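Biologist: I should like a close account of one part of this protein, namely its interior: the packed side chains and the charged residues beside them. Please set it out as one connected description.

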Amino acid sequence: MPLLNVVRGSLMTNLPVQDSSTDSSEPGTRPVTPDTRPHHSPDTSPESLNKTPGNRRQALVRRGGRRSADLETGPIIQETTSAEVINKSNHSFQHSAHNETDEESTNLGDRCSDYSTRSRLSEDIGGNNSDQCSHHSTQSQFSKEVSVSPSPAVTPVPYPDQEERRSPLYIVKSIYFRLVRQLTLAKNRKSARADDARVQDIIDLITSTPKIRRTQIGNLKRKLTTKQFRKLVGVLEDPGDRRLPGEIKDGLRFDYTSHRQQFEIRMPTVMHSGVAGLFADRVERWRGNLEDSPDDRISKAAKSSETDPEMSIWLEGLVDTKAPDCSMTHKCQENPSCYFPSLVLEVAWTETKEELRQKAHRYVRLSNGAIRTVVAVYMNKMYKAEVKNEKRLERMYVKGEVDESGSYSYCEDENNITGSASILMWRARKRNNTIVLGNLQEKMFRDEDGNPIKSTSLQLQLQDFVCQDIADPKEKWKRFKAPPLEISSELLCERIQNRLKMYRTKRPEAVKLKLEEKEKKKLEEEERKKERLQRANEAMTHEARSRISEDDGLRGRIYESGKWLSARIRAKK
């Protein structure tokens, strides 16, 4: 193969090779100094080419122009067709430019001299023309810009959950949770509107209680959730809310039981106020006598409590609330147990024994035993007897047997019956480190004819009225025994009889209003029946007319021999 270039070792230096695509400058015209050092002729055999280290192919570069100032000789620089080798040569050039000492130049010359000049045919390089192998340049003619091969396109690293976001399961889940969230918001909005409507219904009911009391006896009970009850309490406690008049708010008494979701509006009668007033009056007289006692322990204990006939007791995290007819509160607030009254009184006119027992259980358990005594005056049998008396009076009004001129007096009617009354009492007990409701203690103080039972009376100790620390002190010397409170059956029956007359005096008017309401409802029901019957007749007539057959007949039903028979009625022509 013919040689492509003439090796001139004395004119070569350790310079990087430019890309073959870049045009080389023409060789200089200045004379060159031949290299006097011995050197070997290049071996151009294929075997020697294969021995080139680093799989690089060498190309011959002739140096023209003037010699480098710091290098006497320079080796033949190897050229490779690979971009990787060109980048490495450029790096070598930059490295050699910064190391200009004689020692570094000598080392570079020695290292480069090992790679002898080799010639190569243009066909071995790749069939290009001879210009690819004739790179002539000097150090001054090299461009300052270094050619860099274009870097491959960088693929962006995907997010960790990018593949998961593209999966069908992820899309279905996102749609499902978004739908659930929207449905939950809609449900909450609907629930809020329902709660507001329910609270407004209770407000309307409370507003109408003065009218209801004229005819109805007994507490009004409605279903109310805890959330709705809290909203209602906010309305009652807000002075700026004008939906309820102030006088109704002040006189309102109610109970709420959370586990039953029951809101109960208390509608006390003269029977309630009479018995509760007697109890509070007798307790105050008894406490006044004990305050003047020479025993300081008794006097101090008597002064530590007072009666409260209108106290509302909030139980179980300010959710359950009770409004007893009378209670004994404490002036001392040092002990948290003094927040609750130690004794409560319930006057039961329409309530049953089981309802009273459940109420007493809530008092004791939810106060953790702070309410130690629950007293109830049970008159449900008297109420049932009065219901029978009113039904008889109603029949008399219907038959016209009542003298409206005023000669008849319902409260003095000898045909009226009455019932018995008794005292119920529960006390808190501790069993297996748990506060429980003790056994019922029942004493009848009024018989079925309304006569007092002389052997029965309501008796309570001073320890029942004071807080636990005073009632049961740890020091024995602080313990005391005071005269008990005693309310005789005669005094109770006398107060009940007086209030019963007042109760009966108001009932004839209530019976008349009930009759008027019944008559009004009866007329309204008859009107509704007539309207329904008229609409039914019109519908049957319209249906019969719509069933005209081809023979101009009407299909209908005929009642004959006790049976309904289908028939076709021909129209007259």
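Modeller: The description below begins with the whole chain and then turns to the cores, the aromatic pairs and the charged residues.

This is a predicted model, in which local features need pLDDT of at least 70 and side-chain atom pairs count only at pLDDT 80 or more, whereas totals for chains, interfaces and linings use all residues. Residues are numbered from 1 along each chain as its sequence is written, and side-chain values use heavy atoms, with hydrogens and water left out.

The chain contains 15 helices and 18 strands; helices (H or I, at least four residues) and strands (E, at least two) are DSSP runs, numbered from the N terminus. Of its 573 residues, 37% count as buried. Buried means under 20% relative accessible area, exposed over 50%, and partly exposed in between, with a 1.4 Å probe and protein chains only. Contact means heavy atoms within 4.5 Å. Among contacts in the chain with a separation of 6 or more, 71% are between residues 24 or more positions apart.

In soluble globular proteins, nonpolar side chains tend to be buried together. A nonpolar core is a set of buried Ala, Val, Leu, Ile, Met, Phe, Trp, Tyr and Cys residues joined through side-chain atoms within 4.5 Å. The largest such core here has 44 residues, and those with the most contacts inside it are Phe 279, Trp 349, Met 379, Leu 462 and Phe 465. Helix α10 (residues 270-291) gives the most to this core, with 10 residues. Leaving aside neighbours within four places in sequence, Phe 279 touches Cys 326, Leu 343, Leu 345, Leu 458, Leu 460, Phe 465 and Ile 487. A second, separate core of 22 residues includes Ile 248, Tyr 256, Met 267 and Val 319.

Next come the aromatic rings. Rings of Phe, Tyr and Trp (its six-membered ring) pair if their centres lie within 6.5 Å; planes under 30 degrees apart count as stacked, over 60 as edge-to-face and the rest as tilted. By this rule there are 10 aromatic pairs. The ring centres of Trp 286 and Phe 465 are 5.1 Å apart with planes at 55 degrees, so this pair is tilted. It links distant parts of the chain, with Trp 286 in helix α10 and Phe 465, 179 residues away, in the loop between β15 (457-460) and α14 (468-471). Both Trp 286 and Phe 465 are buried. Trp 349 and Tyr 383 make an edge-to-face pair, at 5.9 Å centre to centre and 70 degrees between the planes. Trp 349 sits in the loop between β10 (343-348) and α12 (353-366), and Tyr 383, 34 residues apart from it, in helix α13 (residues 380-399). Trp 349 is buried, with a relative accessible area of 0%. Elsewhere, Phe 229, Phe 254, Tyr 256, Phe 263 and Trp 314 form one aromatic cluster.

Side chains of opposite charge can pair when their charged atoms come close. A salt bridge is a side-chain nitrogen of Lys or Arg within 4 Å of a carboxyl oxygen of Asp or Glu, and the structure holds 24 of them. One joins Asp 195 and Lys 227, whose closest N and O atoms are 3.8 Å apart. Asp 195 belongs to helix α6 (residues 168-207) and Lys 227 to helix α8 (residues 226-237). Asp 195 is buried, at 6% relative accessible area, whereas Lys 227 is partly exposed, at 48%. In helix α10, Glu 291 and Arg 287 are 4 residues apart, about one helical turn, and their side chains meet in a salt bridge of 3.3 Å, N to O. Arg 287 is buried, at 4%, and Glu 291 is partly exposed, at 26%. A network of salt bridges links Arg 253, Asp 255, Arg 266, Asp 325, Glu 346 and Lys 359.

Lys 322, in strand β8 (residues 320-322), is buried yet has no salt bridge, the nearest side chain of opposite charge being Asp 255 at 5.0 Å. Lys and Arg count as positive and Asp and Glu as negative; His and the chain ends are not counted. The side chain of Lys 322 does make a polar contact of 3.0 Å with that of Thr 257. A polar contact is a pair of N or O atoms within 3.5 Å; within protein, one must be able to donate a hydrogen and the other to accept it, and residues adjacent in sequence count only if both atoms are side-chain atoms. Beyond its neighbours within four places in sequence, Lys 322 is in contact with residues including Phe 254, Asp 255, Tyr 256 and Arg 362.
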